[in-house]
Amino acid sequence: MIKIKKYFGISFLLISVLIAFFLIRNKPTANTEKFEKTIPYVEAMILMPQTIMATISSQGVIMPSHSLTLLSEVNTKVAWISSKLEIGSSFFKGDTLIKLEKRDYELALINAESNVLNAKLNLEREKAESDLATAEWDRVGDGTGSDLALRKPQLAQARATLAAAEANLESAQRNLKRTVFVAPFNGRVKAKNIDLGVAVFPGTVLGNIYDTEIFEVRLPIADQDLPFLGLRFDGKQILKSEQPDCKLFFGDSQIDAKIVRAEAEVDAVTRMMSIVSQINNADHSARKSNIAVGQFVQAEIKGVRILNVFVVPRDRVRNESIWVIDNFMKLYNRPVEILRFEKEFAIIGEGIQDGDRLLTSRVSSLINGITVTFDLE
């Protein structure tokens with residue numbers, strides 16, 4: 001028993017060493033796997049320089065190009081009013097709108113005509129007497145006769161009397177014409193200020209009408225858009241051959257128009273310069289659109305030609321920079337010169353390099369210099 005205990009410890013130690021040796025010898029080995037770096041896949045757009053026409057946006061209200069306030073120039077009463085002189089009614093050129101009581105002016109015309117006839121008869125008589133006096137002086141007189149003897153003052157007075165009578169006749173004719181108001185253009189009634197039988201005096205406002213053949217829209221222009229219009233703001237009419245094109249939008253309709261002048265003053269309310277667009281209502285497109293005074297419209301004006309610029313989606317621009325992929329498939333944040341924004345696009349001048357492609361897809365992390373692979377839109 002004592003012998004067994006003596007060799008048990010040694011045996012156990014040997015067995016433990018053998019087991020440990022076996023385990024070490026047959027231990028599992030770790031297989032090293034090669035790590036492959038993942039390259040982000042993105043979408044991009046080719047950036048090519050191009051030439052574009054600047055488009056400037058604005059808005060305004062349609063107004064008549066010509067309006068006329070009807071004023072009485074005589075002292076009388078209203079005798080007749082056309083049914084076309086109601087507010088909002090339309091009329092044609094040559095239509096009679098108002099007639100004033102004219103009998104007093106007809107009588108004044110008759111009297112003026114009579115005075116002219118009398119003055120003409122008196123002038124003929126004075127001419128005959130002057131000729132007779134001149135002939136008589138030449139026959140019996142000696143030297144040069146006086147003006148009075150030759151009846152020259154009397155002849156001059158007769159001529160002056162005739163001139164005054166003719167002037168009164170013209171005034172009477174004009175006053176008679178002023179009793180009838182005839183429409184000078186195709187138009188519409190804006191206001192009516194009279195009724196039948198009302199007494200009127202020189203300066204009395206009878207109504208207000210406006211021309212419907214040509215309309216105008218005053219369009220304010222933001223300061224940053226002024227250089228892209230290419231216009232001189234001097235208030236002068238633009239030559240027809242140089243008038244920029246303009247499109248006006250209201251509702252579902254669109255009509256073509258022209259910019260006819262650029263105002264030379266800053267608006268006191270908006271603090272902006274303005275241009276004026278003109279609509280020829282005689283054009284088929286304008287008639288079909290049935291435009292009306294007071295209507296609000298959106299406008300797009302064709303501006304100057306811009307050379308060698310890049311057009312990118314507006315939402316791709318952040319803090320005056322864009323993300324691009326260069327020729328080495330590297331992603332970079334590129335500062336650029338923003339010339340202007342037009343609707344959903346940004347117009348870029350400087351900053352884009354040859355071979356740059358615009359990043360158009362969303363990336364979880366944007367890091368300068370990382371390598372990417374892409375597919376063009």
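Begin by selecting Arg188, which stands opposite Tyr210 in β10, and keep in mind throughout the tour that the model on your screen is a predicted one.

Now widen the selection to the two strands around this spot, strand β8 (residues 187-192) and strand β10 (residues 205-211), and you will find that they pair in the antiparallel sense over five bridges. Strands of a sheet pair through backbone hydrogen bonds, either parallel or antiparallel. If you then add β3 and β5 to the selection, you have an open sheet of four strands, which runs in the order β3-β10-β8-β5 with antiparallel pairing. At its edges lie β3 (67-71) and β5 (90-91), each of which pairs on one side only.

Next, select strand β11 (residues 214-221), and within this strand pick out Glu216. Is Glu216 buried or exposed? Its relative accessibility is 13%, and because buried means under 20%, Glu216 counts as buried. Show the side chains here, and look for the polar contact that the side chain of Glu216 makes with the side chain of Arg261, at 3.2 Å. Beyond residues up to four places away in sequence, Glu216 touches several others, including Val61, Ile62, Met63, Val276 and Gln278.

From here, move to the largest nonpolar core, which has 29 residues. Which residues have the most contacts inside this core? They are Leu219, Cys246, Leu248, Ile259, Ile275, Ile279 and Ile301, and selecting them together is a good way to find the place. The elements that give two or more residues to the core are β2 (50-64), β11, β12 (245-250), β13 (253-262), β14 (273-280) and β15 (296-313), and β15 gives the most, with five residues.

Stay in this region and select Leu248 alone, so that its surroundings can be listed carefully: leaving aside neighbours within four places in sequence, Leu248 is in contact with ten residues' worth of names you can click through, among them Val217, Ile255, Ala257, Ile279, Val297 and Ala299.Apart from the largest core lies another core, of 18 residues, and to find this one you can select Val78, Leu85, Phe91 and Phe185, which are among its members.

For the last stop, select Ser364, which is found in the loop between β20 (357-359) and β21 (373-376). With a relative accessibility of 82%, Ser364 counts as exposed. Add Pro40 to the selection and draw a line between the two C-alpha atoms: they are separated by 9.6 Å, although Ser364 and Pro40 are 324 residues apart along the chain.

Note on methods. Residues are numbered from 1 along each chain as its sequence is written. This is a predicted model: local features need pLDDT of at least 70, side-chain atom pairs count only at pLDDT 80 or more; totals for chains, interfaces and linings use all residues. Side-chain values use heavy atoms; hydrogens and water are left out. Buried means under 20% relative accessible area, exposed over 50%, partly exposed in between (1.4 Å probe, protein chains only). A polar contact is a pair of N or O atoms within 3.5 Å; within protein, one must be able to donate a hydrogen and the other to accept it, and residues adjacent in sequence count only if both atoms are side-chain atoms. Contact means heavy atoms within 4.5 Å. Two strands pair if DSSP finds at least two bridges between them. A nonpolar core is a set of buried Ala, Val, Leu, Ile, Met, Phe, Trp, Tyr and Cys residues joined through side-chain atoms within 4.5 Å.
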